[in-house]
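Work through the exercises below with the model open. Try each task before you read its solution.

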Amino acid sequence: MSDDKANRRSFRISESVYLRYELLSDEEFHDGLEHRKIRLGQDDGAQALLVDIEARLGEAMYRLNAESEHVGRCMTLLNDKLNVVIEQLPGLRETKASLANSPPLNCEVSADGLVFPDKERLEVDTKLHLQFLLSADNRFVEAFCRVVRHTDPPPGNDTDLLPYGIAVEFIGMKQAQREILIQHMFNRESETLRIRRLEIDAAEL
C-alpha cells in the first residue's frame, strides 16, 4: 500500500454518528454480509449498486479535485445528482429513518474502523454487524467488524450513561464502502482548513 493510501485510511476524525450494532456468532460472522441478507430475506441489489457507484465516483472526485477545479466541480454536481436518486430508495430511506430515531453519538471515525461509546464493555474479539449514519452529510455505512480494544469513550458523550469506549476494525468491507468514509473525511478536513483560513484572514484585517 502506498504512503498516500495508508495515510488516507489511518486518518481519523471526530464525528457525530447515528449508530446501532448487533452481536454476531462466529458462524454468522463468517457467513458474511451478503449471505446474512439472503438468509433474512433482504434484497437491496439496486441500492447496493448505486451506493457502490456513488463511492467510486467519490474516489474519482478526490483525485480530480486536486488536478482540475473545473472537472472536480462537474463531478461534484454529478455526485449530488446521484445522491438524490439514492435517497429515494425505499429500503435506504427506511434504514436511515430508523437509525436517526436514536440520539447521535460522538465517535472517532476512520476508513479502517470506529471508536464509539457504549453502556456495555464488549469483550475483545466480539463480532458485530454495524450500521451507522454520518450526521454531517447523511452518508450510510454498513459493515461487519471486530472489537480490537477498549479505550476511553470519545469526548462529548455522557460518560455516566456510556462509560465504555469500544474500538472496532472493519472486516471484509468493500472498497466502495471504505471510499465513502475516505471521501467524507477528506471533505470534512477540507472544510475545516477553509474555515481556519477564513479566521486567519479575518484576524489579519
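The exercises go from the whole chain to a single side chain, and the model they use is predicted.

**Exercise 1. The inventory**

Task: State how many helices and strands the protein has, and give their order.

Solution:
- Start with the count. There are seven helices and six strands.
- Now read from the N terminus. The order is α-β-α-α-α-α-α-β-β-β-β-β-α.
- Turn to burial. Of the 205 residues, 39% are buried.
- Then take the surface. The accessible area is about 11,700 Å², and carbon and sulfur atoms account for 52% of it.
- Finish with the contacts between residues at least 6 apart in sequence. Among these, 75% join residues at least 24 apart.

**Exercise 2. The barrel**

Task: Trace the order of the strands in the closed barrel and find which pairing sense they use.

Solution:
- Follow the six strands around. They run β1-β2-β3-β6-β5-β4, and the barrel is closed with antiparallel pairing.
- Add the twist. From one strand to the next it averages 45 degrees.
- Check one pair. β3 (residues 113-118) meets β6 (residues 164-171) over six antiparallel bridges. Within this pair, Asp-118 is bridged to Tyr-164 of β6.
- Recall what pairing involves. Strands of a sheet pair through hydrogen bonds of the backbone, in a parallel or antiparallel sense.

**Exercise 3. Strand β4**

Task: Decide whether β4 is enclosed or open, and identify its strand partners.

Solution:
- Count the buried residues. In β4 they number eight of eight, so the strand is largely enclosed by the rest of the structure.
- Sort the side chains by direction. Lys-127, His-129, Gln-131 and Leu-133 point one way. Leu-128, Leu-130, Phe-132 and Leu-134 point the other way.
- Take one partner. β1 pairs with β4 over eight antiparallel bridges. Tyr-18 has Leu-133 of β4 as its bridge partner.
- Take another partner. β5 is joined to β4 by eight bridges, and the two run antiparallel.
- Look at the turn in the β4-β5 hairpin. Four residues lie between the strands, and Asn-138 has a positive phi near 65 degrees.

**Exercise 4. Glu-142**

Task: Determine whether Glu-142 is buried or exposed, and which side chains it contacts through polar atoms.

Solution:
- Locate the residue. Glu-142 sits in β5, which spans residues 139-151.
- Apply the cut-off. Buried means under 20% relative accessible area. Glu-142 has 11% relative accessibility, so it counts as buried.
- Find its bridge partner. Glu-142 of β5 is bridged to Gln-131.
- Now use the side chains. Glu-142 makes a polar contact of 3.2 Å with the side chain of Gln-131. Another polar contact, of 2.9 Å, links the side chains of Glu-142 and His-129.

**Exercise 5. Helix α7 and the core**

Task: Work out where helix α7 lies and which elements supply the largest nonpolar core.

Solution:
- Place the helix. α7 (residues 175-204) lies across β1, β2, β4, β5 and β6. Its angle to β5 is about 85 degrees.
- Describe the core. The largest nonpolar core has 27 residues. Those with the most contacts inside it are Leu-114, Phe-116, Phe-132, Phe-170 and Leu-181.
- Name the suppliers. β1, β2, β3, β4, β5, β6 and α7 each give at least two residues to this core.
- Zoom in on Leu-181. Among the residues it touches are Val-109, Phe-132, Leu-134, Val-141, Phe-170 and Met-173.

Note on methods
Residues are numbered from 1 along each chain as its sequence is written. This is a predicted model: local features need pLDDT of at least 70, side-chain atom pairs count only at pLDDT 80 or more; totals for chains, interfaces and linings use all residues. Side-chain values use heavy atoms; hydrogens and water are left out. Buried means under 20% relative accessible area, exposed over 50%, partly exposed in between (1.4 Å probe, protein chains only). A polar contact is a pair of N or O atoms within 3.5 Å; within protein, one must be able to donate a hydrogen and the other to accept it, and residues adjacent in sequence count only if both atoms are side-chain atoms. Two strands pair if DSSP finds at least two bridges between them. Axes are lines fitted to C-alpha atoms, for helices over the stretch in contact, and angles run from 0 to 180 degrees between N-to-C directions. Contact means heavy atoms within 4.5 Å. Accessible areas come from the Shrake-Rupley method with a 1.4 Å probe; for residues, only the protein chains shown count as cover. A nonpolar core is a set of buried Ala, Val, Leu, Ile, Met, Phe, Trp, Tyr and Cys residues joined through side-chain atoms within 4.5 Å. Lists of a residue's contacts leave out its neighbours within four places in sequence.
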